[in-house]
Amino acid sequence: MHDLAFIRREPAQFDNGLARRGLPPLSESILAVDEKRRSVQTRLQEIQQRRNDASREIGQLKRTGGDAQALMDEVAALKDEMQQLEEQSRELTQEQDDALAVLPNLPSAEVPDGADENDNVEISRWGTPPTIENAKEHFELGEALGMMDFATAAKMSGSRFVILRSKLARLERALAQFMIDTQTEEHGYTEVSPPVLVRDTALYGTGQLPKFAEDLFRTTSDHYLVPTAEVVLTNLVADSIVDPAELPMRVTAWTPCFRSEAGSAGRDTTGMIRQHQFYKVEMVSITTPETSDAELERMTGCAEAILQKLNLPYRRLLLCTGDMGFGARKTYDLEVWLPGQGRYREISSCSNCGDFQARRMKARFKAAGDKSTQFVHTLNGSGLAVGRTLVAVLENYQQPDGSIVIPEVLRPYMGGLERIARAEG
């Protein structure tokens, strides 16, 4: 949500930020509604004051035996006008909120302008892509092992689902546990086991609603399945004033995620890259405005550490304005090398949302010595997407005979197993 005081103070800067997001100037229309709303509220205050004064005068007249009928008629008329103005105020406030709720966050100054992913800027690379002759894609490897089954999943659930069996199912679980252990034991995140069904208010707070309802799965009880644990982890501080001693607050969770993939028809229809249901280890930080930029660098480094421990080559990108998420003011993507595809693919996205989500959630803190509260800054990032990491491990560690060497850091989670091969017979 945007700060109306900022729009009043810097309308040109607000419109410039929208223009960088590909939107027309809207400050004039927003401020016109705001002016009407404030005018109505001013009139309401005047009427309230006059009604209070008249009520006192009526009391005085009645005590002295005077005629209070004219004043009583005035108070009745004021009451009617107040009811009309209160309804106008509610309607104008709703109109204003509806207009602001669908506007994306304004990009930071250092974010490059651009239309789509082709305009993202590569910041760095780590590792050397392996040379693998006739490299296979993950679904070819998994199906040949007899441990990755899309056909049976499709019978039960339709497209974009998979069944993992035996050692691949364990490898997926091993990856998730390894990620959680690293983020909690080495990077200071607190593990949370949250619900994965939430109400619409939680999704409004993080920005998925109202604009992206088609991307969500909604139940008959009016709950939604979370598209990412960002929703539940960020909402831990909704409608609260956080003790500044608790900041930065760093939390992580390993959850299933559910996405309808609306608008992705024809993209990544084969394999595990784009699924309706997948697992992800999510990181969320709640911090102060002064430290959020540094926190983004730290968070991205925590995600990179997982890839480095797995010895998976990757690159870091700074997303342009046209490819950045709705709630973000600045985003880094990490893309891992997939030999089967011969290209880098996204495996983590780390974003600083500034106070954009905090305003929607009413999440604040009060610094020592301050009389008023400030909005916290929120950040989120994948640490990592478990399914895509499994894809990367299969493709980067594949052997000529179709077996998969298990990265050394995962072997303790796999009972010491060093290689996954198809069972004989």
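Analyst: Before we start, a quick definition: a residue is called buried when its relative accessible area is under 20%. Also keep in mind that this is a predicted model.

User: Okay, let's use that. Is Arg274 buried or exposed?

Analyst: Arg274 sits in the loop that links strand 9 (249-258) to strand 10 (277-287). Its relative accessibility comes out at 12%. Since the cut-off is under 20%, Arg274 counts as buried.

User: How far apart in space are Arg274 and Glu261, C-alpha to C-alpha?

Analyst: Along the sequence, Arg274 and Glu261 are 13 residues apart. In space, going C-alpha to C-alpha, the separation is 7.7 Å.

User: Zooming out, what share of the residues in the protein chain is buried?

Analyst: The protein chain has twelve helices and 18 strands, and its C-alpha trace spans about 105 × 45 × 40 Å along the principal axes. Take the contacts between residues at least 6 apart in sequence: 71% of them join residues at least 24 apart. As for burial, the chain has 425 residues, and the buried share is 48%.

User: Which strands stand at the edges of the open sheet?

Analyst: Eight strands make up this open sheet, with mixed pairing and the order 1-11-12-13-16-10-9-4. An edge strand has a single partner, so one of its sides is left without a neighbour in the sheet. That applies to strand 1 (121-126) and strand 4 (190-191).

User: Starting from strand 1, which residue in strand 11 is the bridge partner of Trp126?

Analyst: Strand 1 and strand 11 (residues 314-318) are paired antiparallel, over five bridges. In that pairing, Ser124 stands opposite Arg316. For Trp126, the bridge partner in strand 11 is Tyr314.

User: Strand 11 has residues pointing both ways. Which ones point opposite to Tyr314, Arg316 and Leu318?

Analyst: In a regular strand, side chains alternate between the two faces of the sheet. Strand 11 is mostly covered, with five of its five residues buried. Tyr314, Arg316 and Leu318 point one way, and the residues pointing the other way are Arg315 and Leu317.

User: Next one over: what is the bridge partner of Leu318 in strand 12?

Analyst: Strand 11 and strand 12 run antiparallel and are joined by five bridges. Leu318 belongs to strand 11, and its bridge partner in strand 12 is Tyr332.

User: And which residue in the turn between strand 12 and strand 13 has a positive phi?

Analyst: Nine bridges join strand 12 to strand 13 in an antiparallel run, with Leu334 opposite Ser348 as one of the pairs. The two strands form a hairpin with four residues between them. The turn residue with a positive phi, about 70°, is Gly342.

User: How many residues of strand 13 are buried?

Analyst: On its way to strand 16, strand 13 pairs antiparallel over three bridges, and Ser351 stands opposite Asn380 there. Strand 13 is largely enclosed by the rest of the structure, because the buried count among its ten residues is seven.

User: Now the helices. How are helix 7 and helix 10 oriented to each other?

Analyst: Two packed helices are described by the angle between their axes and the distance between the axes. For helix 7 (residues 166-185) and helix 10, the angle is about 130° and the axes are 10 Å apart. Angles over 145 would be roughly antiparallel and 65 to 115 roughly perpendicular, so 130° falls outside both ranges. The two helices are therefore oblique.

User: Is that crossing left-handed or right-handed, and how do the contact residues divide?

Analyst: Helix 7 brings Phe178, Met179, Thr182 and Gln183, while helix 10 brings Cys302, Ala303, Ile306 and Lys309. The crossing is right-handed. The contact residues divide into five nonpolar, two polar and one charged.

User: Last one: which residues does Thr182 touch, leaving out those up to four places away in sequence?

Analyst: Thr182 is part of helix 7. With 3% relative accessibility, Thr182 counts as buried. Its contacts are His187, Ile306 and Lys309.

Key: Residues are numbered from 1 along each chain as its sequence is written. This is a predicted model: local features need pLDDT of at least 70, side-chain atom pairs count only at pLDDT 80 or more; totals for chains, interfaces and linings use all residues. Side-chain values use heavy atoms; hydrogens and water are left out. Buried means under 20% relative accessible area, exposed over 50%, partly exposed in between (1.4 Å probe, protein chains only). Two strands pair if DSSP finds at least two bridges between them. Axes are lines fitted to C-alpha atoms, for helices over the stretch in contact, and angles run from 0 to 180 degrees between N-to-C directions. Angles under 35 degrees count as roughly parallel, over 145 as roughly antiparallel, 65 to 115 as roughly perpendicular and the rest as oblique. A crossing is left-handed if the near helix is turned anticlockwise from the far one by less than a right angle, and right-handed if clockwise. Contact means heavy atoms within 4.5 Å. Ala, Val, Leu, Ile, Met, Phe, Trp, Tyr, Cys and Pro count as nonpolar, Asp, Glu, Lys and Arg as charged, and the others, Gly among them, as polar.
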